[in-house]
Structures are given as C-alpha cells and as structure tokens.
Amino acid sequence: MIVKDEEDYLERCLSSVKGLVDEIVLVDTGSTDKTVEIAKKFTDKVFFFKWNDNYSDARNFSLSKATQEWILVLDADEIISKNDFNKIKILTNNKQYSGFAFERPYPDLQDFP
C-alpha cells in the first residue's frame, strides 16, 4: 500500500484485511499526520519513499518489498467486506490463476466493522 496522510482511513482499511493477508507492506510518501504511527500497529514493514511525481516508481518500490506469492493492492480508503474476504481466500488457493482484478462499488457501510 502506498500512502500519504491517510490517518482518517488507514486503520479501518488495515483492520479489514487482518487474517486475510500474511504480511502488510506499507510505503509512506511523506505523511505529516499519524499515518505511520497507525501503520506500525499492524506491521513492521513500513518503508519510506521520497515522492518523485511518478506513481509507477512508488508502486514498483512497494512491490519489491512484498515477499508472499499473492499481492493485494489497496488504497487506504478501501476495505475488504466480510463477503469478499472468503471469496479472496478461495481464489488465491486456486493455483490455476496468476492474478485477479475486482471491481469495487461503494458498499453500504453497515457491512463493515
């Protein structure tokens, strides 16, 4: 995950993937709020990348830090619903595929913790 000043959303996002992912890799591009402090509650894999106006560079840096077979890419304001949690587990256990893309409509917020 690439972030900057996401203290309002980050904890909810990271809580939504607890138990789904084996590692959380977070790359901060210059936060001045509590983003890094919140991230460190969930992972010790917090890295810093000096923003250079090139999103691809930041994304490639973040991907280079991942060590697991599957990579779930989220923005800090996104969350994984309880319904999708199990679907993702099933899909990633299927060795037939090498990737998936999901369209995410804005859900009803009552579906989330």
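These are my notebook entries on a sheet, a core and a helix in this structure.

**Entry 1: the sheet.** I am working from a predicted model. I looked up the strand order first. Three strands form an open sheet in the order β1-β2-β3, with parallel pairing. I then asked which strands stand at the edges. They are β1 (2-3) and β3 (46-48). Each has a single partner strand, so one side of each is left without a neighbour in the sheet.

I checked one pairing in detail. Strand β2, residues 26-28, runs parallel to β3, and three bridges join the pair. In that pairing, Leu 26 lies opposite Val 46 of β3.

**Entry 2: the core.** Next I looked up the largest nonpolar core, which has 18 residues. Which of them touch the most other members? I found Met 1, Val 3, Leu 10, Leu 26, Leu 74 and Ile 80. Helices α1 (10-16) and α2 (35-39) are the elements that give two or more residues to this core.

I followed Leu 10 further. I set aside its neighbours within four places in sequence. Leu 10 is then in contact with Met 1, Val 3, Leu 26, Thr 35, Ile 38, Ala 39 and Ala 76.

**Entry 3: helix α4.** I turned to α4, residues 82-92, and asked which residues there are buried. Asp 84, Ile 88 and Thr 92 are. Why do they fall on the same side of α4? They cover an arc of only 65 degrees around the axis, which puts them there. A general point fits here: an α-helix has 3.6 residues a turn, so residues three or four places apart point the same way. I also checked the other side of α4, where Lys 82, Asn 83 and Ile 90 are exposed.

Definitions and conventions
Residues are numbered from 1 along each chain as its sequence is written. This is a predicted model: local features need pLDDT of at least 70, side-chain atom pairs count only at pLDDT 80 or more; totals for chains, interfaces and linings use all residues. Side-chain values use heavy atoms; hydrogens and water are left out. Two strands pair if DSSP finds at least two bridges between them. Helices (H or I, at least four residues) and strands (E, at least two) are DSSP runs, numbered from the N terminus. A nonpolar core is a set of buried Ala, Val, Leu, Ile, Met, Phe, Trp, Tyr and Cys residues joined through side-chain atoms within 4.5 Å. Buried means under 20% relative accessible area, exposed over 50%, partly exposed in between (1.4 Å probe, protein chains only). Contact means heavy atoms within 4.5 Å. The arc is that of the directions from the helix axis to the C-beta atoms.
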